[in-house]
Amino acid sequence: MLDSQPMKNTTTDFSRTLSLVKGMPFDMAREQYAKAVQIGLIQRSMLAWAKFERQIDQLEKMTLGPWARRV
């Protein structure tokens, strides 16, 4: 009888990798925002960051639908 644990691990690892790849454009947008704040192109503000984060989260959910990451 074959052990199904390695197959489950492989499937879980693949799903996690796929999720990270799908979310990459949104993570890149977050990183670009942070870099723009660091060099002074965007004013440093926790409220502005929170608004930006909500917008990116909504965009990710609208774009990826059920495949969007959940926190």
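Helices are DSSP runs of at least four residues, numbered from the N terminus. Glu-31 and Lys-35 both lie in one such run, helix α1. They are 4 residues apart, about one turn of the helix. The model is predicted.

The pair Glu-31 and Lys-35 forms a salt bridge, with the closest N and O atoms 3.8 Å apart. Glu-31 has a relative accessibility of 43%, so it counts as partly exposed. Lys-35, at 40%, is therefore also partly exposed. Side chains of opposite charge can pair when their charged atoms come close. A search of the whole structure finds 7 salt bridges.

Another of these pairs involves Arg-30. This residue lies in helix α1, which spans residues 5-38. A salt bridge joins the side chains of Arg-30 and Asp-27, at 3.2 Å from N to O. The two residues are separated by about one helical turn, because they are 3 residues apart in helix α1. The partners differ in burial. Arg-30 counts as buried because its relative accessibility is 15%, and buried means under 20%. Asp-27 has a relative accessibility of 33%, so it counts as partly exposed.

Arg-30 also reaches residues farther along the chain. Its side chain makes a polar contact of 2.9 Å with the side chain of Glu-53. Leaving aside residues up to four places away in sequence, Arg-30 touches Trp-49, Phe-52, Glu-53, Ile-56, Asp-57, Glu-60 and Arg-69.

Two residues on that list, Glu-60 and Arg-69, form a salt bridge with each other, the closest N and O atoms being 2.9 Å apart. Glu-60 lies in helix α2. Its relative accessibility is 3%, so Glu-60 counts as buried. Arg-69, at 23%, counts as partly exposed because its value is not under the 20% limit for burial. Beyond its neighbours up to four places away in sequence, Glu-60 touches Gly-23, Phe-26, Arg-30, Gly-65, Ala-68 and Arg-69. The charged residues named so far come together in a wider arrangement. Asp-27, Arg-30, Glu-53, Glu-60 and Arg-69 are linked in a network of salt bridges.

Nonpolar residues were examined next. In soluble globular proteins, nonpolar side chains tend to be buried together. The largest nonpolar core has 7 residues in all: Phe-26, Tyr-33, Val-37, Phe-52, Ile-56, Leu-64 and Ala-68. Helix α1 and helix α2 (46-64) each supply at least two residues of this core.

Phe-26 is one of the core residues. Not counting residues up to four places away in sequence, Phe-26 touches Ile-56, Leu-59, Glu-60, Thr-63, Leu-64 and Arg-69. Its contacts thus include Ile-56 and Leu-64, which are also core members. They also include Glu-60 and Arg-69, two residues of the salt-bridge network.

Ala-68 is another core residue. Its place is in the segment after α2. Ala-68 is buried because its relative accessible area is 7%, below the 20% limit. Apart from residues up to four places away in sequence, Ala-68 touches Glu-60 and Lys-61. Its C-alpha atom is 7.7 Å from that of Ser-19, although the two residues are 49 apart in sequence.

Lys-22 offers a second case of sequence and spatial separation. This residue is found in helix α1. The C-alpha atoms of Lys-22 and Val-37 are separated by 25 Å, with the residues 15 apart along the chain. Lys-22 touches Leu-64 and Trp-67, not counting residues up to four places away in sequence. Its relative accessibility is 24%, so Lys-22 counts as partly exposed.

Nonpolar residues also appear on the surface. Val-21, Met-24 and Met-28 form a nonpolar patch there. Together they have about 290 Å² of accessible area. Val-21 is found in helix α1. At 48% relative accessibility, Val-21 counts as partly exposed, because exposed means over 50%.

Key
Residues are numbered from 1 along each chain as its sequence is written. This is a predicted model: local features need pLDDT of at least 70, side-chain atom pairs count only at pLDDT 80 or more; totals for chains, interfaces and linings use all residues. Side-chain values use heavy atoms; hydrogens and water are left out. A polar contact is a pair of N or O atoms within 3.5 Å; within protein, one must be able to donate a hydrogen and the other to accept it, and residues adjacent in sequence count only if both atoms are side-chain atoms. Contact means heavy atoms within 4.5 Å. Patches are made of residues with over 30% relative accessible area and no salt bridge: like charges are joined within 9 Å, nonpolar side chains (Val, Leu, Ile, Met, Phe, Trp, Tyr) within 5 Å. Accessible areas come from the Shrake-Rupley method with a 1.4 Å probe; for residues, only the protein chains shown count as cover. A salt bridge is a side-chain nitrogen of Lys or Arg within 4 Å of a carboxyl oxygen of Asp or Glu. Buried means under 20% relative accessible area, exposed over 50%, partly exposed in between (1.4 Å probe, protein chains only). A nonpolar core is a set of buried Ala, Val, Leu, Ile, Met, Phe, Trp, Tyr and Cys residues joined through side-chain atoms within 4.5 Å.
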